[in-house]
Amino acid sequence: KMGTNVFYTLPKLPYGYKDLEPFISEAQLTLHHDKHHQAYVTGANTLLEKLDKARKENADIDMKATLKELSFNIGGHLLHSLFWANLAPQGKGGDKPEGLLANAIDKEFGSLERFKKEFTQAAASTEGSGWAALSFCLQTNRPIIMQIEKHNVNVYPMFRILMVLDVWEHAYYLDYQNLRPKFIEAFWNIVNWNEVNNRLVSLLK
Ligand code: FE
């Protein structure tokens, strides 16, 4: 469906800022959502405005630099939007994958434990700032893990993303300092499996 906005907007969290505690603190979540995610929304909109202005004045623009920044900022906005929605307060998103998602994970990885191990390793080994993502390939019907650097490197074009985990330091530094593996371990307590399954169901419809 066509959107109605010509600029990006920061989505509201589908839960309260305290609701992911003790796995993500109120202070950490507030900073992450209100400051970091907002910065990508603002960044993307500023670049769109810059393009609008250059077109209006028929002025030259550094396309390479502009598009590189646009990819980074739109990627940041879209991945954070997915991230908030695939998290839920403990116990509210289901204990484990169900339905189509459970079948797809079992078929591809052999077990949920094996999937969690691979996803955890992808997140832990992301170089610098980035994301682990579970994506789905419609050509092979396989769920495939993506290891995204920054917000936009190593992305498989056209693959729908079912679940993401932000492993930028800004996602966990207040709560876990440099201990990314502890944050990844905490993440498994607050996955919204129902949402992840819904994304797969709507993709396969
Ligand atoms: Fe982030």
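Let's start at Asn197, which, setting aside residues up to four places away in sequence, touches Glu98, Gly99, Leu100 and Leu101. Keep in mind as we go that this is a predicted model. Asn197 sits in helix α7, and with a relative accessible area of 13% Asn197 is buried. For a sense of distance, take Ile145: Asn197 and Ile145 are 52 residues apart in sequence, and their C-alpha atoms are 15 Å apart in space.

Stay on helix α7 for a moment, since Arg199 lies there too. Is Arg199 buried or exposed? Arginine or not, Arg199 is buried, at a relative accessible area of 11%. Its contacts, leaving aside neighbours within four places in sequence, are Leu82, Ala85, Asn86, Ile161, Leu162 and Met163.

Now slide along to Leu204, also a residue of helix α7, which covers residues 193–204. Leu204 counts as partly exposed, with 38% relative accessibility. Together with Leu100 and Leu138, Leu204 makes a nonpolar surface patch of about 260 Å². You've met Leu100 already: Leu100 is one of the residues that Asn197 touches.

Next stop, the metal. Which residues hold the iron ion as protein donors? They are His32, His80 and His170, each through NE2, plus Asp166 through OD, and they lie 1.8 to 2.1 Å from the iron ion. The angles among the four donor atoms run from 89 to 128°. That makes the site tetrahedral, because four donors count as such if all angles lie between 85 and 135 degrees. Read along the chain, the donor spacing is H-x47-H-x85-D-x3-H. His32 comes from helix α1 (residues 26–56), while His170 comes from the loop between β3 (160–166) and α5 (173–176), so this pair ties together parts that are 138 residues apart in sequence. Both of these histidines are tucked away from the surface: His32 is buried at 3% relative accessible area, and His170 is buried at 12%.

On to the charged pairs. How many salt bridges does the structure hold? There are four, and we can walk through some of them. Arg142 and Glu108 meet through their side chains in a salt bridge at 2.9 Å, N to O. Arg142 lies in strand β2 (residues 142–149) and Glu108 in helix α3 (residues 99–109), so here the pair ties together parts that are 34 residues apart in sequence. Arg142 is partly exposed, with a relative accessible area of 42%, and Glu108 is partly exposed as well, at 27%.

Then there's the salt bridge between Glu118 and Arg114, whose closest N and O atoms are 2.8 Å apart. Where do these two sit with respect to each other? They are four residues apart in helix α4 (residues 112–124), so about one helical turn separates them. Glu118 counts as partly exposed at 28% relative accessibility, and Arg114 is partly exposed too, with a relative accessible area of 39%.

One more pair to look at: the side chains of Glu57 and Lys53 form a salt bridge, at 3.6 Å from N to O. Is Lys53 buried or exposed? Lys53 is exposed, with a relative accessible area of 52%.

Technical notes. Residues numbered from 1 in each chain as written. Predicted model: local features only at pLDDT ≥ 70, side-chain atom pairs only at ≥ 80, totals over all residues. Heavy atoms only, no water. Donors = N, O, S within 2.8 Å, 3.2 Å for Na, K, Ca; no water. Tetrahedral: all angles 85-135°; square planar, octahedral: opposite > 155°, others 65-115°. Buried < 20%, exposed > 50% of the residue type's maximum accessible area, 1.4 Å probe, protein only. Patch = residues over 30% accessible without salt bridge, like charges linked within 9 Å, V, L, I, M, F, W, Y side chains within 5 Å. Areas by Shrake-Rupley, 256 points an atom, 1.4 Å probe, with all protein chains shown as cover. Contact = heavy atoms within 4.5 Å.
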